[in-house]
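The exercises below are meant to be worked with the sequence and the structure side by side. Please try each task before reading its solution.

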Amino acid sequence: MFEQFIPFLASFFATMGFAILYNAPARTIIPSGIAGMTGWFIFDYFLTFSELGNFFASGIASFGVAIICQLLARQFRMPVIVFSIPGIIPLVPGGAAYTMMRALVEGNGEMALHFGTQTFLVSGAIALGLSLNSALFQIIQPYFFYPRNNKRP
Amino acid sequence: MKPVTFQVADILDVCIAAGRVMLANGAETYRVEDTLQRIAKSYNLHYVNVFVVPTAIILTVQGEDGQDHTELLRMTEQQTNLEKVALVNNLSRQLAVSPYSPEIAKEKIREIEEDSHFFSETQRLIAVSIACGSFSLLFGGVLADFIPATIAGGVGYLVYTKIEKLIHVTFFAEMVASFLIGILALVFTSLQFGQNLDMIIIGGVMGLVPGMAITNSFRDLMAGHLLAGISVAAQAILTASAIGIGIALVLTFL
């Protein structure tokens with residue numbers, strides 16, 4: 001039973017650790033951790049229960065993280081990157097990058113190419129999710145968040 | 001009511017100071033450009049051209065007399081401090097509502113720059129160690145890998161920061177640090193302390209991996225900041241290969 005929760009705790013602590021490493025403001029650290037954990041949950045869900053594969057799972061997860069980060073940024077009145085940089089950390093394809101490097105060292109070119117492509121595609125998917133989200137929020141912001149006047153204090 | 005006007009050179013100084021703090025602390029280039037535009041416009045300068053790459057800021061504004069003023073700033077050192085970015089960002093929004101005089105604005109930016117109530121080196125070291133341990137679990141390690149990865153990641157990060165401070169060659173610092181992480185992981189697994197060599201190494205090097213640079217470079221490219229995107233990507237590739245070489249050296253011992 002406990003085993004199933006390990007990845008969630010791990011992504012929570014990994015995100016908080018990076019938030020501290022990047023000197024995020026102290027009161028935003030736990031919210032960032034929750035954002036990172038949610039991102040991992042979405043990623044894991046789509047990877048396990050659908051046929052979408054790594055690219056789409058990471059893209060959807062980073063889109064989801066970005067939504068949470070946008071809402072948090074408005075709540076705390078801070079730029080989105082304070083939340084989104086730590087928040088996407090669990091999704092970053094560090095494992096694939098390492099496996100590619102190891103395959104290269106071992107002279108296994110085919111495997112290196114496979115994991116290299118995966119690294120490239122997954123980081124592209126993360127960036128795509130974030131960019132799509134910020135474009136979306138720029139479009140809907142005037143209607144949903146500041147309906148009367150578009151000026152922020 | 002005619003808005004109060006200030007010396008163009010002073011406003012330029014404010015903009016450049018704000019840009020320096022933001023860029024030196026890890027803001028994306030497009031955010032720096034936006035902020036500088038906003039600050040300059042809040043002082044009623046309308047012709048504002050700003051060009052930011054990760055290593056430089058060029059800013060040209062036109063005063064009311066039609067004279068162009070340009071300032072160039074070369075950036076050398078970079079770290080990540082999201083709180084400073086947030087503070088400057090908030091300051092720029094305040095300026096948009098009610099501009100302070102340039103002197104006060106400069107003073108406020110200087111305060112942010114010299115502010116040091118942030119997390120101490122030790123706190124960050126502990127945080128990054130725990131993050132490294134967590135990553136080894138996240139990428140499929142077992143609980144027994146947590147503590148070895150935590151130690152390896154912590155030692156690696158500590159060595160990285162020390163060498164970085166000593167000789168200012170990031171590539172070399174990352175290489176040595178990842179080499180040490182690999183050696184530690186090898187020693188731990190041969191002592192039966194931890195199970196999966198791969199998981200301990202992956203977790204350990206996550207503190208150095210340029211995940212942020214990879215993603216930021218894609219975002220810059222998609223936003224049309226081609227130069228910034230490519231230079232950040234180059235930085236990411238350089239870091240990744242430093243880590244790769246360090247680890248590869250260890251793996252040849254297998």
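**Exercise 1.** Which residues does B:Arg31 touch, not counting residues up to four places away in sequence?

*Solution.* Please keep in mind throughout that this is a predicted model. Begin by locating the residue: B:Arg31 is found in helix 2 of chain B, which covers residues 29-42. Next, list its contacts: leaving aside residues up to four places away in sequence, B:Arg31 touches A:Pro79, A:Val80 and A:Ile81 in chain A, together with B:Met22, B:Val85 and B:Asn89 in chain B. Finally, consider its exposure: B:Arg31 has a relative accessibility of 13%, and because buried means under 20%, B:Arg31 counts as buried.

**Exercise 2.** Describe chain B as a whole, going from its secondary structure to its extent and surface.

*Solution.* Start with the elements, of which chain B has 10 helices and three strands. Their order along the sequence is α-α-β-β-β-α-α-α-α-α-α-α-α, so that the pattern opens with two helices, continues with the three strands and then goes on with helices. For the extent, the C-alpha trace of chain B spans about 75 × 35 × 30 Å along its principal axes. For the contacts, take those between residues at least 6 apart in sequence: in chain B, 64% of them join residues at least 24 apart. For the surface, chain B exposes about 11500 Å², of which carbon and sulfur atoms supply 61%, while 53% of its 254 residues are buried.

**Exercise 3.** Which residues form the nonpolar patch on the surface, and which helix supplies the largest share of the patch?

*Solution.* The members are A:Leu52, A:Phe55, A:Phe56, A:Ile60, A:Phe120, A:Leu121, A:Leu128, A:Leu132 and B:Met222, which together have about 790 Å² of accessible area. Turning to the elements of chain A, helix 3 (53-76) and helix 6 (109-144) each supply at least two residues of the patch, and the largest share, four residues, comes from helix 6. A:Leu52, by contrast, is found in the loop between helix 2 (29-49) and helix 3 of chain A, and its relative accessibility of 38% makes A:Leu52 partly exposed.

**Exercise 4.** How many aromatic pairs does the structure hold over all chains, and how are the rings of two of these pairs arranged?

*Solution.* The structure holds 13 aromatic pairs over all chains. In one of them, the rings of A:Phe12 and A:Phe13 have their centres 5.6 Å apart and their planes at 70 degrees, and because an angle over 60 counts as edge-to-face, the pair is edge-to-face. In another, the rings of A:Tyr45 and A:Phe49 have centres 5.2 Å apart and planes at 45 degrees, so this pair is tilted. A:Tyr45 and A:Phe49 both lie in helix 2 of chain A, four residues apart, which is about one turn of the helix. As for exposure, A:Tyr45 is partly exposed at 43% relative accessible area, whereas A:Phe49 is exposed at 63%. Ring pairs also link A:Phe8, A:Phe41, A:Tyr45, A:Phe46 and A:Phe49 into a cluster.

**Exercise 5.** How many disulfides does a search of the whole structure find, and are A:Cys69 and B:Cys132 buried or exposed?

*Solution.* The search, run over all chains, finds zero disulfides. A:Cys69 has a relative accessibility of 0% and therefore counts as buried, and B:Cys132, with a relative accessible area of 0%, is buried too.

Terms used
Residues numbered from 1 in each chain as written. Chains lettered and ligands numbered in written order. Predicted model: local features only at pLDDT ≥ 70, side-chain atom pairs only at ≥ 80, totals over all residues. Heavy atoms only, no water. Disulfide = S-S within 2.5 Å. Buried < 20%, exposed > 50% of the residue type's maximum accessible area, 1.4 Å probe, protein only. Patch = residues over 30% accessible without salt bridge, like charges linked within 9 Å, V, L, I, M, F, W, Y side chains within 5 Å. Areas by Shrake-Rupley, 256 points an atom, 1.4 Å probe, with all protein chains shown as cover. Salt bridge = Lys/Arg side-chain N within 4 Å of Asp/Glu carboxyl O. Phe/Tyr/Trp six-rings, centres within 6.5 Å; stacked < 30°, edge-to-face > 60°. Contact = heavy atoms within 4.5 Å.
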